[in-house]
Amino acid sequence: MRQFFEFCLRTVTAIVLLASWAGGESVQYCRFGHEDKPDATVNFCLGITTYYNVSSESHDIYTSMHVTRSSALGWTAVGTGSMMAGSLMFIIYGDPFSSEHEAPTVSIRTIDGHHQPRLVSQADVGGADLRLLQADWVPVNSTEADDHNVASKRDSLSVAKVAIVCYSCGKWPGAPISADATAQPWIWAWNDYQEFDNYTNDVHLKMHEHHAEDGGWGRFYVDMARSISGGSSPPPIPRILPGISALGVSDIPGGWSWLNPMVHIHGFLMSTAFLILYPAGVVAMRSGSPKSFKYHWIIQLLASIFVLIGGAIGLIRAHKIDSFHHFIGLTVIICSIVQISLGWRHHVIFLRIQRRQWASHGHIWLGRIFLLLGWMNVITGLLLTGHGWSVISLAASFISVIALVLVGWVWYATRQRKQREIRLDWEGENSPFALQPTRDDYFAVAADDDDEHDFRLSSDHSTPVKISKADME
């Protein structure tokens, strides 16, 4: 019991920290898949924070890009808008393993039609203004080779870390950039084979692949309204959170926006299951009621149906599994099926041998882990759909209260049962405190320290008889 309490306490603390860490982060979009081999797929991350500048009475957009490279070949670009024409494009290339330790080249370009992008000039920006804040190569894997032995370092990975601020970016005269948009279109493109004679910012760029997605280009849609910083001073460079592919971003217009009705249904089903039904099932199991098992399995079955339906909606809406929320959600769906099987197996075996076995312990511990994963996914789901810090912190606080109430209830129920057993031992079977087990007692999944005594039917299979663990052995 004490171990379970400590486990819950640590997990609740982690959930609160996750919420506080994630609640104030910028919008983020990543495409993972770069591997150190010739057929590597595109790998970049874009972070965006928007700040309302009182002096200019317009929004400034702070962006950071991380581009993972294993060679000097090719380039990677992101741009505003849904197509190249009128887009404000940030193109990154260079040699991450240069012996001269040259910084990555950041070429800011635009285009009028479907041809070679040109450098942005002062006449192109309208009332906007652009500043490069950072451009560095950061090694991911280091080798023990000499710094001058460039060839031996080709097996390493490096990340180009770039930060750019676009002052009064809403005044860009090309593709519209709105700080209030909930689905602002952006584009990305890459080329993994071009060899450069030099790395000047106006070098001629070869075409990306014509087919979309990992082949050469794609679109994504940003909830710019979510990216607005509430601070009174300019924000720092947006942080890129490792392992998270999308925060306030979707590959389809409004894909996971909270305005989408399917998102509401998904969120309602999963939140109801993990914040109300599953905890209620735990309380029912420990209520001491003659119908505790009946209440338990009905509530848990309803919660599992909610999870399976909500999970199916989530998988359909996600189109692909590529975020922390998706991976946890898939794990939760699998665990719910396994948990039902373990619970049924426990009941069947318990009826026959009248004591806990592997299915019982598996049902207990998987249930604990399952519940904690569900709580964590509620937080990451709110984060993915663009809810603000106030909602996320409220959800984390509510989850913490639920966890503490459950731990307290289990401790109280265990203590009450032990006290009744002690009084029964002292006062005999005619004691008013004597336990009155019913058939539902044979289905109970007790806590780790609750199996000091159990109940078995008498030879006529009608009268419950209290026995000790020694008797069972």
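## Asp129 and Arg131

In this predicted model, Asp129 and Arg131 are joined through their side chains by a salt bridge, with an N to O distance of 2.8 Å. Both partners fall in the intermediate accessibility class. Asp129 has a relative accessible area of 25% and is partly exposed. Arg131 is also partly exposed, at 42%.

Side chains of opposite charge can pair when their charged atoms come close. Over the whole structure, the search returns 3 salt bridges. The pair of Asp129 and Arg131 is one of them.

## The network around Arg118

A network of salt bridges links Asp112, Arg118 and Asp124. Arg118 meets the side chain of Asp112 at 3.1 Å, N to O. Arg118 also forms a salt bridge with Asp124, where the closest N and O atoms are 2.9 Å apart.

How exposed or buried are the members of this network? Asp112 has a relative accessibility of 59% and counts as exposed, because the class begins over 50%. Arg118, at 33%, is partly exposed. Asp124 has 16% and counts as buried, because that value is under the 20% limit. The network therefore includes an exposed residue, Asp112, a partly exposed one, Arg118, and a buried one, Asp124.

## The sheet and its edges

Seven strands make up an open sheet: 7 strands in the order E7-E6-E5-E4-E10-E11-E13, with antiparallel pairing. Strand E7 (118-119) and strand E13 (249-250) are the edge strands; each has a single partner strand, so one side of each has no neighbour in the sheet. Strands of a sheet pair through backbone hydrogen bonds, either parallel or antiparallel.

At the E7 edge, the pairing with strand E6 (residues 105-110) is antiparallel and runs over 2 bridges. Within this pairing, Arg109 stands opposite Leu119 of E7. Strand E7 covers residues 118-119, and residue 118 is the Arg118 that takes part in the salt-bridge network with Asp112 and Asp124.

## Disulfide between Cys30 and Cys45

The search of the whole structure finds 2 disulfides. One of them joins Cys30 and Cys45, with the sulfur atoms 2.1 Å apart. The angle about the S-S bond is 120 degrees, and the link is right-handed. Cys30 belongs to strand E1 (residues 27-31) and Cys45 to strand E2 (residues 44-53), so the disulfide ties together parts that are 15 residues apart in sequence.

Both cysteines are buried: Cys30 has a relative accessibility of 4%, and Cys45 has 5%.

## Disulfide between Cys166 and Cys169

Cys166 is joined to Cys169 by a disulfide with an S to S distance of 2.2 Å. Here the torsion about the S-S bond is about 95 degrees, so this disulfide is right-handed. Cys166 is buried, with a relative accessible area of 4%. Cys169 is likewise buried, at 4%.

When bonded cysteines are counted along the chain, the disulfides follow the pattern 1-2, 3-4. Apart from these pairs, Cys335 is a buried cysteine with a relative accessible area of 12%.

Note on methods
Residues numbered from 1 in each chain as written. Predicted model: local features only at pLDDT ≥ 70, side-chain atom pairs only at ≥ 80, totals over all residues. Heavy atoms only, no water. Salt bridge = Lys/Arg side-chain N within 4 Å of Asp/Glu carboxyl O. Buried < 20%, exposed > 50% of the residue type's maximum accessible area, 1.4 Å probe, protein only. Disulfide = S-S within 2.5 Å. Helix = DSSP H or I, 4+ residues; strand = E, 2+ residues; numbered from the N terminus. Pairing = 2+ DSSP bridges.
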